[in-house]
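Work through the exercises below with the sequence and the structure in view. Each one sets a task and then solves it step by step.

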Amino acid sequence: MMLARHLALTTLVVSLLTSILLAPQVSAAEPPSDSSADSPGKPLRLWYDKPAPDSDVGWANASIPMGNGYMGVNIFGGTKSDRIQITENSLYDWTDRNAGFKRRGVNNFAEVYIDFNHDKPANYQRELDLNRAVSSVSYEQDGVEYTRDYFTSYPDKVMVVRLGASKPGALSFTLRPTIPFLGEGKTGSVTAKGDTITLSGAMTYFDIKFEGQFKVIPKGGTMKAAAKKGTISVSEADSALILIAVGTNYQLDPKVFLTNEPSKKLADFPHPHAKVSGYLNAAAAKSYDELLENHQADYGELYDRVSLDLGAEVPTITTDKLVDAYPKGSSSRYLEELAFQFGRYMLICSSRAGTLPPHLQGIWNVYARPPWSSQYLHDTNVQMAYAPVFCANMPELFESYADFFKAFEPRQRLYATQYIKQYNPSQLDPKGDNGWSGPFWANPYIIPGRSPVAGFGTGSWIAQMFWDYYDYTRDESLLADTVYPVMYEQANFASRFVQEIDGALLAKPSSSPEQKIRDTVGTTFDQQMFYENHHNTLTAAKILGRSDSRLPIYEKQLPLLDPIQIGKSGQIKEFRQEEFYCDYKGPKGKNTIDPHHRHTSMLLGSYPGQLINDKTPAWLDAVEKTLTLRTRKSHIGWARAERIAFWARVHDGDEAYIFYQDLLGGNYLHNLFNDHRGGPLFQADANYGATAGVAEMLLQSQDHVVAPLAAMPAAWPDGSYSGLLARGNFEVSAKWSNGQASRLEVVSKAGGTLDLRYPNVAKAMIKSTDGQKVSFTSKGTDQIRIETTKGASYVVTDIPAFTPVAAPSELKIDKDGGSQIELSWTGSKDAASYKLYRAVGNAPAYEEVATKIKDARFIYKADDLKQTEQMTLKVTAMRADGRESRKGATVVRLLP
């Protein structure tokens with residue numbers, strides 16, 4: 001009976017998830033269409049009227065971050081002495097796991113000072129222009145205006161600093177790079193010769209050789225190098241350029257992770273001198289204008305794809321004051337626009353092909369002992385770093401992580417064999433064909449063995465990022481060569497790891513990330529992640545026409561992975577042993593589940609997964625119930641960011657917006673870095689996650705139906721966006737006023753079937769960009785289907801106004817006689833009648849049981865009520881025009 005129930009349940013879910021045919025291929029790097037945001041538009045900038053304080057707090061709270069993947073920099077903008085702090089993500093010290101949360105890890109590469117001795121500045125201004133990714137400083141001293149411009153170029157692999165003065169011969173300065181934290185496993189020296197300063201040394205634990213070069217190119221004046229001091233002084237110049245290149249002998253190679261001896265991990269990799277010299281010399285052969293043009297062409301091609309306009313006016317107050325005013329009730333649309341684009345900016349800075357991916361602090365670190373060692377944590381932080389990469393239309397930025405994964409996967413294959421042998425030896429392939437297992441934490445040198453802090457579902461969560469890489473781009477060569485092998489081999493591991501327990505295939509041991517109950521059985525986190533990856537692997541195999549040997553096993557296992565359990569509170573259980581919300585007592589008999597925990601891992605099937613969507617409404621309601629029970633008590637930045645997206649996925653834009661406000665008002669520092677939990681304690685994942693959450697409010701496609709404005713808050717009655725990306729490689733733009741869409745445009749970048757959902761869209765005017773009417777089929781009034789042509793645009797206008805139906809509330813069971821149930825609820829002002837639904841047990845969808853109910857009460861009778869242990873009842877309102885309320889009131893009925 002249980003097997004039959006699992007089979008029936010999963011057959012329904014699989015049919016729902018695979019109902020939309022996948023579209024043909026397109027390159028992930030295909031340039032944006034004409035409808036993308038192709039101009040900077042409204043100025044978006046961070047600006048200040050004073051330098052950042054020269055301290056660690058000033059670094060986290062006020063310095064301006066920049067980066068190009070090869071380096072992260074933080075600019076302070078001082079006038080007596082400017083400070084530029086540089087991070088290089090492979091410059092890593094050993095990790096002391098017993099040193100608290102601040103452990104050795106990514107090390108501060110260099111502290112660079114430019115001494116001006118200007119101590120009486122006037123009209124000071126410091127800014128970061130997000131539209132151009134250029135930072136600047138300007139002020140007046142003794143009747144001279146001094147200017148500085150900074151940018152970090154990915155194509156030229158250098159940082160460029162241009163210094164200027166309004167009077168010829170007025171620019172004098174000393175460039176003074178230094179190596180921080182010498183003596184703590186770090187050696188090095190700084191020397192100067194001619195126009196170049198060389199900073200070089202080693203981190204002894206991994207025997208990392210590092211080098212930075214700083215070339216000074218003045219116009220006019222005199223220049224002098226102090227060899228032993230490692231400085232260059234320029235006097236009475238008109239202007240000057242400073243070019244900075246950095247590097248280490250690190251290479252992304254499986255050898256790094258497979259070599260156990262730390263000091264031998266980088267053996268045989270060349271010293272970085274030749275590489276860094278090559279970067280610097282190539283850049284020095286170009287003019288400033290050429291370097292700037294290269295940088296802005298590269299940056300703009302990514303950044304300009306997406307715009308967001310919420311109707312904000314450009315403020316006249318500095319950004320620090322703007323941030324401070326926000327939680328006091330002076331809500332600023334400008335800050336909301338700025339934070340959305342700032343997350344995109346940070347990802348462009350920190351995730352580029354050929355470089356390491358962003359860690360917990362992105363690509364920025366000033367400490368010898370950074371928070372959590374600036375590691376890669378795969379139980380949400382890495383995934384949140386890449387949360388906006390596809391929906392915010394920057395898919396090629398995922399290449400950085402894809403290369404990192406390729407390097408550490410061989411080590412994870414060894415671990416997979418170890419775990420199968422340890423936990424389920426009957427399924428072990430003695431030749432080592434056991435797939436790869438998911439890590440919990442990692443750094444550029446070490447992928448350690450299993451941690452009970454998170455379950456083995458981390459691997460399938462990684463594989464889901466790869467699936468999204470295909471699903472948003474529809475590049476079949478990418479699917480075949482990169483994505484499918486990752487998913488297939490993760491399913492290989494999971495299929496061997498799960499054990500048959502109580503009629504299901506469950507993970508054992510299993511943990512829900514960072515909850516105190518660990519090493520249990522079949523947590524929802526593990527089961528959902530395994531299910532998603534099995535399903536995606538099978539889908540990909542059909543697209544590619546593959547017939548690999550273990551595919552029949554995955555297909556047979558899929559119905560038994562049992563990804564969703566509904567608890568007696570109407571919640572999605574986090575633990576199988578849980579009955580009412582968070583009441584599971586662990587192995588020691590104590591209830592140690594945190595009901596307000598920062599992690600909400602049992603809901604990952606709703607976001608970022610696709611398992612729970614509009615085609616599984618009972619599960620979607622259970623997600624909303626769980627979120628309500630989780631409350632807003634967690635003040636962790638990334639958790640607030642994640643819940644923006646969770647609430648958006650249940651179509652509650654107002655609640656999603658509350659979490660966006662909580663995040664901006666409670667966690668954003670003056671430079672828009674996320675204050676993780678106080679300190680200030682910078683952690684980058686909330687910055688990335690905020691962008692992704694807002695994107696989910698503006699556009700959804702988890703069920704392969706493109707749904708613009710799916711979770712719009714009342715606080716944003718008017719606005720527009722362009723260039724967001726939906727699954728199927730559909731690029732979407734929208735304009736709305738008074739809460740109603742006035743124009744939608746979809747660019748079909750891959751061709752194929754477009755399913756488009758918006759209220760009354762079937763009654764709208766739909767044309768191509770050249771004005772031709774477009775034929776479509778409709779599914780009711782709110783959804784249409786168009787067979788698109790690759791490269792074509794489809795414009796929707798004249799959309800009839802839509803008024804949502806107010807939902808009933810407070811559904812109650814007044815009396816349960818076993819064979820009949822007396823129900824009552826608070827009625828809807830719009831209701832001409834009501835409908836009653838039920839979902840039995842863990843069913844994903846409701847079945848309709850009564851219609852045309854006139855009063856706000858009903859006696860429900862059914863033959864199976866005495867045998868049904870648990871069901872969720874739901875009542876919705878029907879308006880006289882036949883439209884149903886999107887939401888309804890629910891109650892869980894337990895057998896008396």
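**Exercise 1. Describe the annotated N-terminal domain in terms of helix and strand.**

Solution. Begin with residues 46-91, a span that is 13% helix and 48% strand and has its end C-alpha atoms 29 Å apart. Next take residues 106-251, where the chain is 0% helix and 70% strand, with 16 Å between the end C-alpha atoms. Helices (H or I, at least four residues) and strands (E, at least two) are here DSSP runs, numbered from the N terminus. Finally, attach the name: the unreviewed UniProt entry lists both stretches, 46-91 and 106-251, under "domain: Glycosyl hydrolase family 95 N-terminal". UniProt positions follow the numbering used here, feature names are shortened, and annotations may be inferred rather than shown by experiment.

Before going on, note that this is a predicted model, in which local features need pLDDT of at least 70 and side-chain atom pairs count only at pLDDT 80 or more, while totals for chains, interfaces and linings use all residues. Residues are numbered from 1 along each chain as its sequence is written, and side-chain values use heavy atoms, with hydrogens and water left out.

**Exercise 2. Do the matching analysis for the annotated C-terminal domain.**

Solution. From the unreviewed UniProt entry, take residues 700-796, listed as "domain: Alpha fucosidase A-like C-terminal". Over these residues the chain is 0% helix and 52% strand, and the end C-alpha atoms are 17 Å apart.

**Exercise 3. Find the residues around the largest cavity, and examine one of them.**

Solution. First fix the term: on a 1 Å grid over the protein atoms alone, a cavity is a set of points where a 1.4 Å probe fits but cannot get out, a pocket is an open set with protein on both sides within 12 Å along at least five of seven lines, and lining residues have an atom within 4 Å of a point. Grid points are joined across faces, edges and corners, and a volume is the space filled by probe spheres set on the points.

Counting in this way gives nine cavities of 30 Å³ or more, and the largest cavity has a volume of about 240 Å³. It is lined by 18 residues, of which Gln383, Ala387, Asp468, Tyr607 and Pro608 are the closest to its centre. Helix H11 (457-471) is one of the elements that give two or more residues to this lining, and H11 gives the most, with four residues. Sorted by class, the lining of the largest cavity has 10 nonpolar, three polar and five charged residues; here Ala, Val, Leu, Ile, Met, Phe, Trp, Tyr, Cys and Pro count as nonpolar, Asp, Glu, Lys and Arg as charged, and the others, Gly among them, as polar.

Now turn to aspartate 468, which is placed in helix H11. Aspartate 468 counts as buried because its relative accessibility is 10%, where buried means under 20% relative accessible area, exposed over 50%, and partly exposed in between (1.4 Å probe, protein chains only). Leaving aside neighbours within four places in sequence, aspartate 468 is in contact (heavy atoms within 4.5 Å) with Phe390 and Arg727.

**Exercise 4. Describe the largest pocket.**

Solution. The volume of the largest pocket is about 1900 Å³. Among its 49 lining residues, the closest to the centre are Asp614, His651, Ser885, Arg886 and Lys887. Helix H15 (617-630) is among the elements that give two or more residues to this lining, and H15 gives the most, with four residues. By class, the lining of the largest pocket divides into 22 nonpolar, 12 polar and 15 charged residues.

**Exercise 5. Locate two cis peptide bonds and two positive phi values.**

Solution. As background, most residues other than glycine have a negative phi, and most peptide bonds are trans.

- A cis peptide bond with omega of about 5° joins lysine 508 and proline 509, and proline 509 lies in the loop between strand S21 (504-506) and helix H13 (524-544).
- Another cis peptide bond, with omega of about 10°, joins tyrosine 607 and proline 608.
- Asparagine 117, although not a glycine, has a positive phi of about 60°, and asparagine 117 counts as exposed because its relative accessibility is 56%.
- Aspartate 502, also a residue other than glycine, has a positive phi near 55°, and with 67% relative accessibility aspartate 502 counts as exposed.
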